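I opened a fresh page of my notebook today to look through a protein chain. Come along and keep the picture open beside you as you read.

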Amino acid sequence: MKLVYRISIILNILFAGYILIRGSELLMRDYLRKTVVPMQETAIEEPAKTASTEEHITCDTIYTISEYDLSTGRQEVYQELLPASFIGMDRTHLMEWIDDYNGHASLEDLETGFISMELLSFSEQEIRVRKRIESVRDEVQTEEIVRPQQLLTQGADATVSGNGISYGCILAQDGLLTVYDGQRRHVILYTDISLFDLPQEQQQEILDGKEVGSEQELYNLLESYSS
């Protein structure tokens with residue numbers, strides 16, 4: 001009897017251990033199913049959520065410019081009216097716009113000695129850019145910039161060229177038509193006529209150097225280019 005009793009006790013202990021182990025496995029599986037799987041789904045969905053919440057420029061975004069003059073070392077920070085074309089842009093599109101602007105800056109900026117622009121910070125509340133300028137320009141760049149109809153009154157020295165007497169030469173500078181003297185040493189006239197607004201054939205003439213024989217011929221050419 002004692003032997004049978006001892007065997008029954010051992011069997012009960014083994015059975016109880018099996019129940020405990022099996023129960024622990026089931027509890028662990030249930031725990032993992034409820035916690036690990038939702039975490040994985042959240043990790044997968046997170047990038048899409050981040051992309052959808054990327055900031056964009058609105059009409060209330062502040063536009064701050066930090067202007068640095070390389071010639072004097074002066075730095076000025078000011079705010080301007082946000083350009084309408086900026087509204088709706090995200091950071092990537094704004095940087096692409098700035099890269100394009102650095103190659104095709106406005107005439108107003110070029111007159112101030114504009115060199116380049118870069119993005120300093122971007123948020124929906126404020127965008128901040130830095131403009132680099134050089135206010136002290138060389139002799140060619142400091143000539144007066146005038147409209148095509150406003151020819152400079154001072155004369156230019158006529159120079160003998162292979163085709164005869166050359167009053168001056170029309171070239172392109174920073175994408176705009178610029179008139180040099182016959183020897184192509186000094187600017188006698190700046191214009192606001194864009195090279196890229198002209199037909200391809202005329203563009204090539206300007207790139208090669210369009211020589212003019214008189215002030216009247218120059219005036220007529222500029223009138224035809226600007227019409």
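Here are my entries, in the order I looked things up.

**Entry 1: the overall picture**

I noted before anything else that this is a predicted model. I then counted up the elements and got five helices and 10 strands in the protein chain. The chain has 227 residues, and 29% of them count as buried. I also looked up the outer surface: about 15,200 Å² is exposed, and carbon and sulfur atoms supply 54% of that. Among contacts between residues at least 6 apart in sequence, I found that 53% join residues at least 24 apart.

**Entry 2: the largest core**

Which residues have the most contacts inside the largest nonpolar core? I wrote down I57, Y63, F86, L94, M117, I127 and V129, from a core of 17 residues. The elements that give two or more residues to this core are strand 1 (62-69), helix 2 (91-103), strand 3 (114-122) and strand 4 (126-133). Strand 3 gives the most, with four residues.

I picked I57 for a closer look. Leaving out residues up to four places away in sequence, I57 touches L82, F86, I87, G88, M89, L94, F122 and I127. I also found a second, separate core of 15 residues, which includes L177, L189, I193 and I206.

**Entry 3: F86**

F86 came up twice above, so I visited this residue next. I found F86 in the loop between strand 2 (75-80) and helix 2. Is F86 buried or exposed? F86 has a relative accessible area of 1%, so I wrote down "buried". Setting aside neighbours within four places in sequence, F86 is in contact with I57, Y63, L94, W97 and I127. I also checked F86 against T61: they are 25 residues apart along the chain, and their C-alpha atoms are separated by 9.6 Å.

**Entry 4: an open sheet**

Next I traced a sheet. Four strands form this open sheet in the order 9-8-7-10, and the pairing is antiparallel. Strand 9 and strand 10 (210-212) each have a single partner strand, so one side of each is left without a neighbour in the sheet. On average, neighbouring strands here are turned by 25° against each other, direction ignored.

I zoomed in on one pair. Strand 7 and strand 8 pair in the antiparallel sense over six bridges, and Q173 stands opposite L176 in strand 8. Then I looked for a helix beside the sheet. Helix 5 (residues 215-226) lies across strand 7, strand 8, strand 9 and strand 10, and runs at about 135° to strand 10.

**Entry 5: two positive phi values**

I reminded myself of a general point: most residues other than glycine have a negative phi. Then I looked at D174, where phi is near 55°, a positive value. D174 is in the loop between strand 7 (168-173) and strand 8 (176-181). With a relative accessible area of 53%, D174 is exposed, because the cut-off for that word is over 50%.

R184 has a positive phi too, near 60°. I found R184 in the loop between strand 8 and strand 9 (187-194). R184 counts as partly exposed, at 37% relative accessibility.

**Entry 6: salt bridges**

How many salt bridges does a search of the whole structure find? I noted eight. I also kept in mind that side chains of opposite charge can pair when their charged atoms come close.

K131 and D109 meet in a salt bridge at 3.1 Å, N to O. K131 is in strand 4 and D109 is in helix 3 (residues 107-111), so I marked the pair as a link between distant parts of the chain, 22 residues apart. K131 is buried at 7% relative accessibility, and D109 is buried at 10%.

E118 gave me two pairs to write down. E118 forms a salt bridge with R130, with the closest N and O atoms 2.6 Å apart. That pair links strand 3 and strand 4, with its residues 12 apart. E118 also meets R132 in a salt bridge, at 3.0 Å, and here the residues are 14 apart. E118 is partly exposed at 27%, as are R130 at 25% and R132 at 28%.

My last note is on a network: E67, R74 and E76 are linked by salt bridges.

How values were computed:
Residues are numbered from 1 along each chain as its sequence is written. This is a predicted model: local features need pLDDT of at least 70, side-chain atom pairs count only at pLDDT 80 or more; totals for chains, interfaces and linings use all residues. Side-chain values use heavy atoms; hydrogens and water are left out. A nonpolar core is a set of buried Ala, Val, Leu, Ile, Met, Phe, Trp, Tyr and Cys residues joined through side-chain atoms within 4.5 Å. Buried means under 20% relative accessible area, exposed over 50%, partly exposed in between (1.4 Å probe, protein chains only). Contact means heavy atoms within 4.5 Å. Two strands pair if DSSP finds at least two bridges between them. Axes are lines fitted to C-alpha atoms, for helices over the stretch in contact, and angles run from 0 to 180 degrees between N-to-C directions. Accessible areas come from the Shrake-Rupley method with a 1.4 Å probe; for residues, only the protein chains shown count as cover. A salt bridge is a side-chain nitrogen of Lys or Arg within 4 Å of a carboxyl oxygen of Asp or Glu.
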